[in-house]
Amino acid sequence: MSDCLFCKIIAGEIPSTKIYEDDKIYVFADIAPAAPVHYLFIPKEHIQSAAAVTPENSAVVAHIFEKIAEIAKGDEFKDGFRVVSNCGDAAGQTVKHLHFHLLAGREFTWPAG
Ligand code: 5GP
Ligand code: ZN
């Protein structure tokens, strides 16, 4: 998608701080961190949101969660962490490319705001 911010980040057209990359996913630091550790996990394939996950494209979601579990073995995640995917305008999705926030390094309240 030529007008998608995260597709441009994957393509290297917009710089980002890379945490991890493979042929299916890209992981990078959020530009406006909401916690001391704040990474974004995105599929390289453009998927609009969690509402656009189907049997045909869902394998990448499992792959993302495997990678979250691997990265979250790091010391900065030892006290707990949160995984969030905002879906749609009312939920606060500002970038319409499926992404999972991985947040750690502080206490989180519930319910989410
Ligand atoms: P959403 O609000 O859609 O759930 O999450 C989008 C996230 O993308 C926000 O946390 C925002 O800070 C982050 N973001 C927006 N633009 C950029 C950018 O150009 N670079 C990086 N690294 N993160 C961005
Ligand atoms: Zn995209």
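The following exercises concern salt bridges in a predicted model.

**Exercise 1.** Determine how many salt bridges the model contains, and state the criterion applied.

*Solution.* The criterion requires a side-chain nitrogen of Lys or Arg within 4 Å of a carboxyl oxygen of Asp or Glu. Under this rule, the count is 5 salt bridges.

**Exercise 2.** Examine the pair lysine 67 and glutamate 70: give the N to O distance, the placement in helix α2, and the accessibility of each residue.

*Solution.* Step one: the N to O distance is 3.0 Å. The cut-off is 4 Å, so the pair qualifies as a salt bridge. Step two: both residues lie in helix α2 (residues 59-71), 3 residues apart, which means a separation of about one helical turn. Step three: lysine 67 has a relative accessibility of 9% and is therefore buried, the limit being under 20%. Glutamate 70, at 49%, is partly exposed.

**Exercise 3.** Classify the two partners of the salt bridge between lysine 96 and aspartate 89 as buried, partly exposed or exposed.

*Solution.* The side chains meet at 2.9 Å, N to O. Lysine 96 has a relative accessible area of 30% and is partly exposed. Aspartate 89 reaches 64%; exposed means over 50%, so aspartate 89 is exposed.

**Exercise 4.** Identify the residues that shared salt-bridge partners join into one network.

*Solution.* The network consists of Lys18, Glu21 and Lys44. Within this network, lysine 18 and glutamate 21 form a salt bridge at 2.9 Å, N to O. Lysine 18 is partly exposed at 48%, and glutamate 21 is partly exposed at 33%.

Conventions: Residues are numbered from 1 along each chain as its sequence is written. Chains are lettered from A and ligands numbered from 1 in the order in which they are written. This is a predicted model: local features need pLDDT of at least 70, side-chain atom pairs count only at pLDDT 80 or more; totals for chains, interfaces and linings use all residues. Side-chain values use heavy atoms; hydrogens and water are left out. Buried means under 20% relative accessible area, exposed over 50%, partly exposed in between (1.4 Å probe, protein chains only). Helices (H or I, at least four residues) and strands (E, at least two) are DSSP runs, numbered from the N terminus.
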